[in-house]
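Below are my notes on the model you sent, set out as numbered points. Please read them with the coordinates open.

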Amino acid sequence: MARETSGLLDRHLSFIEALRGAGLSVSLAEDLDSVAALGAVGWGDRAHVRDVLAATLVKKQSQRTTFDALFDVYFPALVGDGVSTGSSSEASEGDGADGSGVRDNAAALQAFRDQLVEALQSGDQQQLQRLAAQMVGTFGAMPGRGPGLSSWSAYTALQRVAPQELVDRIVAGLLGDSDADARETEVRRLVNRQVGSFTTMVEDDARRRIAEEKGPDHVADVAIRPSIDKLAFTAARRSDLDEMRRQVFPLARQLATRLTKEHHARRRGALDFRRTVRASIATGGVPLTTHHRPKRPHRTDLVVLCDVSGSVANFAQFTLLFVFALREVFQSMRAFTFIDHVHEVTEHLRPGSDPVDVLERLAAASSYAALWGRTNYGRAFAKFEEQHADALGPKTTLLILGDARSNYSDLEDATLRRLAGSVRRSYWLNPEPESSWGAGDSAARTYRDIVPMVECRNLTQLQEFVHDLAR
C-alpha cells in the first residue's frame, strides 16, 4: 500500500530547511511548536499563518525580513501568471507576456506609469500589489530556456518603468500649492519610502513567478538574501545599510551588558588575608567568609586605523560606529582614516551624536584621507608612524580595518612591524573571505604574518570580535 503524503507538510518542512539555510536557527522543538500553534489557530487566514510562524520561529527582529521573503516564496498570496502557457513564439505574437492583453510598448508604459503615480499618491496597498504583479508580467518577462518556459526579472521591470524617476511628479501632486517649501523634505522622504516599498513588492512577485516554474527551493538557494546580521557589508544595498544603522546601537547595548556581567563575574582579586582573619573573629576564629582584594580594572586604549576607499567604505564606517557605541568599555579611543593619506576623525565621534549624522561626517571626512585617490597601505602606515606615533603605547590596542588591497604599491611591512611591536595588542579585520586573501593585489598574506588578521564580513562576526577585544 503506497504511503500517502501531504503536500502542505512537505512544503512546511522545505520552508523550515530554507530558514535554516538562510541563517535562522530553528530547532526541532520550535518546528513542533509552530505546527501545534497552527493546529490551534488554523490555516484559513494567510496573515494569521504568517504571524504564527513568525512568533514561533523568528528570534530576532533583524531576521524578520528574510523570514517574510521566504514565506512569500513557499506560501504565495497569488498563484498563476507565473508560468507561460504557450511557447516563446506564441508569447511574442500574443497580446502580452503575461496573457493580460497588454503589450510592452510606449503607450502601455506611459499608461502604467500614470496608474503607478496615482496609486503611490493615494497609498493604496492593494492597488500597489496588483500593479507590482502587472509590472513584472508585462515589463519583466524574458524568454525562457525551453519551449513553454518564461523567465522573470525584477531588475528588467524596474529599469523599464523606473519608478524612482516618478518621485518629483508624485511629490508635486501631494504638495499642491500650500506650504510647498516647508513640507517638501518630509513629503519627499515619505515618497521615497513608498517607492522603496513598491520596489520590494516587484522583487517579491518576480521571486514568486520563478518559484512557480523552478520550485521554491531553487529561489531560496539563489535569490533570498541572508538576514541582516549575516549579510556581508560589501554586498549590502542602500536599504540594507539603513537597516544596519538601526541594528548597530542595539547590538552595542547588548554587548556592553554582556561584557559588564562577565567583568563582574571576574572581579574578585587575590585573597585579603588580614580582612579574612578579622572577619573570622565573629565566628570564633573560623573563616566562614573569605574576603578578596578588589581587582584592578583594566580597560583598553583603542586606536582604530580604517581604510575608507570605495571597496570597503561601508565596512569601515559601520565598524567605527559600532566601536564608538561601545566607547565606555574602553579607556580611550582615537580613530584615523586613510586611503593613501592619514586623517584623524576622533572629533566626529562625539557622545550623543545621531548615527546617521556620524556616518555623514565620516563620509565627508574621507576626502581628507586621499591625495591621489588610490589605496596605498604602505604610504598610510609610513605617514601614521611619522605624524601620529604618539597615539600608540604599551597599553594600546591597535585595530586596522581594510581589505589589504594596496594596488601593488610598496607594502612598508617593516613599518607595520614597528607599529605592531609598540602596542599591547594588534588586530586586523578584513571584510573579504579568507579564500580571497593573497589573490590579485591583496597583501593579506604578508600583513597577517605581522598582525593577526580576522575575517569580519557581517554584523555577527563584528559583534563577536568586539566582544573578545573588550574582554
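1. L271 has a relative accessibility of 41%, and because this falls short of the 50% that an exposed residue must pass, L271 is classed as partly exposed. The residue belongs to strand β3, which covers residues 268–271, and together with F273 and V277 it makes up a nonpolar patch on the surface, the three residues sharing about 290 Å² of accessible area. Please bear in mind, here and in the points that follow, that this is a predicted model.

2. As for the chain as a whole, it contains 19 helices and ten strands, and 44% of its 471 residues count as buried. The exposed surface comes to about 24,600 Å², with carbon and sulfur atoms supplying 50% of that area. Among contacts with a sequence separation of 6 or more, 71% are between residues 24 or more positions apart.

3. N458 sits in the loop between β10 (453–455) and α19 (459–470), and its relative accessibility of 9% places it among the buried residues. The side chain of N458 comes to 3.2 Å from the backbone nitrogen of T460. Leaving aside residues up to four places away in sequence, N458 is in contact with D229, K230, L231, A232 and F233.

4. How many disulfides does a search of the whole structure find? The search returns zero, a disulfide being a covalent bond between the sulfur atoms of two cysteines. Two cysteines may still be worth a look in the viewer: C306 is buried at 0% relative accessibility, and C456 is buried as well, with a relative accessible area of 1%.

5. Two backbone angles deserve a check, since most residues other than glycine have a negative phi. A162 has a positive phi near 55°; the residue is placed in the loop between α8 (154–161) and α9 (167–175), and with a relative accessible area of 14% it is buried. Y408, also not a glycine, has a positive phi of about 60°. Y408 lies in the loop between β8 (396–401) and α17 (413–421), and its relative accessible area of 69% makes it exposed.

6. A380 belongs to helix α16, residues 377–388, and is buried, with a relative accessibility of 0%. Although A380 and I339 are separated by 41 residues in sequence, their C-alpha atoms are 7.2 Å apart in space. Once residues up to four places away in sequence are set aside, A380 touches F338, D340 and V342.

7. The count of salt bridges is 16. One of them joins the side chains of R20 and E17, with an N to O distance of 2.8 Å; both residues lie in helix α1 (residues 7–21), three residues apart, which is about one turn of the helix. Both partners are partly exposed, R20 at 32% relative accessibility and E17 at 48%.

8. A second salt bridge pairs E165 with R113, the closest N and O atoms being 3.7 Å apart. E165 is in the loop between α8 and α9 while R113 is in helix α6 (residues 106–122), so this pair ties together parts of the chain that are 52 residues apart in sequence. The two partners fall into separate accessibility classes, for E165 is exposed at 60% relative accessibility, whereas R113 is buried, with a relative accessible area of 17%. A reader who applies another distance cut-off should note that the rule used here accepts a nitrogen within 4 Å of a carboxyl oxygen.

9. The side chains of R405 and D441 also meet in a salt bridge, at 2.9 Å from N to O. This pair links distant parts of the chain, 36 residues apart, with R405 in the loop between β8 and α17 and D441 in the loop between β9 (425–430) and α18 (444–448). Both R405 and D441 are buried.

10. Finally, which residues are linked in a network of salt bridges? The network is made up of R46, R50, D51, R64, D68 and D72, and I would suggest displaying these six side chains together when the figure is prepared.

Definitions and conventions
Residues are numbered from 1 along each chain as its sequence is written. This is a predicted model: local features need pLDDT of at least 70, side-chain atom pairs count only at pLDDT 80 or more; totals for chains, interfaces and linings use all residues. Side-chain values use heavy atoms; hydrogens and water are left out. Patches are made of residues with over 30% relative accessible area and no salt bridge: like charges are joined within 9 Å, nonpolar side chains (Val, Leu, Ile, Met, Phe, Trp, Tyr) within 5 Å. Accessible areas come from the Shrake-Rupley method with a 1.4 Å probe; for residues, only the protein chains shown count as cover. Helices (H or I, at least four residues) and strands (E, at least two) are DSSP runs, numbered from the N terminus. Buried means under 20% relative accessible area, exposed over 50%, partly exposed in between (1.4 Å probe, protein chains only). A polar contact is a pair of N or O atoms within 3.5 Å; within protein, one must be able to donate a hydrogen and the other to accept it, and residues adjacent in sequence count only if both atoms are side-chain atoms. Contact means heavy atoms within 4.5 Å. A disulfide is a pair of cysteine sulfur atoms within 2.5 Å.
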